[in-house]
Amino acid sequence: MSQESEWEPKILGFLCRWCSYAGADLAGTSRKKYPANIRIIKIPCSGRIDPLLIIRALRTGFDGVLVSGCHPGDCHYQTGNYRARRRIAITKNFLEYMGMEPQRLQASWVSASEGGKFAEVVSEITRDLKEISPNRLFTDERDGTKATE
Amino acid sequence: MSETEQKLRNEAMTLLEQGRADYIIGYEAGSLKFTTTPLITRDKDDIDRLVINPFILNNLSVFLGDISGKAGIVAKGCDSRSIVSLIQDQQLAREDIVIIGVPCSGVIDLNKVEKLTGKDRDELDDIAWAGDKAVVTIEGAKKEFPAKDVLMDDCLSCDMPAPQEYDILLDEVGPLVCDKELSRSQIKELEEMSPEQRWEFWKNEFSRCIRCYACRQVCPACFCKRCFVEETEPQWISPLPKWQDNLIFQMTRMIHVAGRCTDCGECQRSCPVNIPLRSLSKKMEEIADELFQYKAGTDKDAPPLMAAYESEEAEDFIR
């Protein structure tokens, strides 16, 4: 068996407190199966997402980052997800230009009632990430230092 | 002295005399030939030092944040966009500044002239614009060069040489010379590379970075009183200039100034280790335009890029 197929990607999920976090909860209580590759951080709103949080997650060694919030029009604070959308779009396009693989930054709209969708999203992202190699963006082969954990 | 220069001095003097401005921010001749340096003054005797020539390089709007009181500021097209952008971000009140607009024919890159003529700057007598040609005088003999051979790279991509916002306009708009392909040639090269090659490229470039923060200091869009790199709780990046942290600093800075950067090119010019920063900032400008049809500093009443939204836009990457 090759090393690649044994490899399990680590994903950091930033989930909005009102929709996606509750959606993830529902996935659990409804006993939906999804890969255990995701680690979740609860944020007050997807509008809380800062490009630095994303970049920092990649620097720390996560293979992918997911930002998930309420569907457009459903934000608890009216406009947070719209603002997040612009910020993530800019960040994603820019990081891809720098040389990041497009699969590493993902976004989704998952409502509190969409436990099934949350499970699907995580499965899809995990599958996509397995197609590319582990995150070595910030690993330095020259002096042997690894990304800090 | 050119007519424009005389007009500028007259206007600046009037502003100070009438009390419409407490300060004048402009350019004076630099200590080396064919250079200029910023002049910030409240003294009427200094007005005679103000100059306008093809070497007025600096984006003076960076000084506006540090000045209290009303300022009269000399602004080229790109500088005026930076000022508008500061107004959009509520860093400035429009009524606190008097913008003296200079329609810009572009800034001449002395390095390019030196290369073309094969002469050192001290051997050149004069460099001036004549329509869309730059005329270089060497020992009495005049030589003409097409503008696009001598312009600064960022000027080559300029499509707004006239000030967007002004109170006084010194002259008519000159001929516009631009060559967008030439100006973004490095971006094109990078886009044709694979992601791995691109990352390797930037990794190499930023291994040279000494984190002097000159790019941040000259940038009018970088107006935060406290930058994330200096925060200690949490400490976002290490203060040591390791390439990883250098990269994170610059990537984040570029994302932060998205929608404010007007491609004035000051960051790249200030870089002591010649990192091609414009290939980042220019690309960011293109991304903002492509995704949100947003051009920085063109409308002082519009909300800033990151503070606005449309109900339907940029959805294609969201699951």
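A salt bridge here is a side-chain nitrogen of Lys or Arg within 4 Å of a carboxyl oxygen of Asp or Glu. Keep that in mind for chain B of this predicted model, where the side chains of Asp153(B) and Lys112(B) meet in just such a pairing, at 2.8 Å from N to O.

To see where that bridge sits, look at how chain B is divided up. The domain assignment puts residues 3-107 and 151-307 in domain 1, with 108-150 making up domain 2. So Asp153(B) belongs to domain 1 and Lys112(B) to domain 2, given those assigned bounds. Between the two domains of chain B the count is two salt bridges, and there are also nine residue pairs in polar contact, both partners at pLDDT 80 or more. As for the make-up of the domain 1 side that touches domain 2, it has eleven nonpolar, three polar and three charged residues.

Now for the interface as a whole. The centres of the two domains of chain B, taken over C-alpha atoms, are 25 Å apart. Across the boundary, 17 residues of domain 1 are in contact with 18 of domain 2. Together the domains bury about 1400 Å², and carbon and sulfur atoms give 61% of that. On the domain 1 side, Lys33(B), Phe34(B) and Leu151(B) supply 40% of the area buried against domain 2, more than any other three residues.

One last stop is Glu266(B), in helix α11 of chain B, which spans residues 266-270. Glu266(B) counts as buried because its relative accessible area is 8%, and the cut-off is under 20%. Leaving aside residues up to four places away in sequence, Glu266(B) touches Leu57(B), Asn58(B), Asn59(B) and Val218(B).

Definitions and conventions: Residues are numbered from 1 along each chain as its sequence is written. Chains are lettered from A and ligands numbered from 1 in the order in which they are written. This is a predicted model: local features need pLDDT of at least 70, side-chain atom pairs count only at pLDDT 80 or more; totals for chains, interfaces and linings use all residues. Side-chain values use heavy atoms; hydrogens and water are left out. Contact means heavy atoms within 4.5 Å. Buried area is the accessible area (1.4 Å probe) that two parts lose on being put together, summed over both. A polar contact is a pair of N or O atoms within 3.5 Å; within protein, one must be able to donate a hydrogen and the other to accept it, and residues adjacent in sequence count only if both atoms are side-chain atoms. Ala, Val, Leu, Ile, Met, Phe, Trp, Tyr, Cys and Pro count as nonpolar, Asp, Glu, Lys and Arg as charged, and the others, Gly among them, as polar. Helices (H or I, at least four residues) and strands (E, at least two) are DSSP runs, numbered from the N terminus. Buried means under 20% relative accessible area, exposed over 50%, partly exposed in between (1.4 Å probe, protein chains only).
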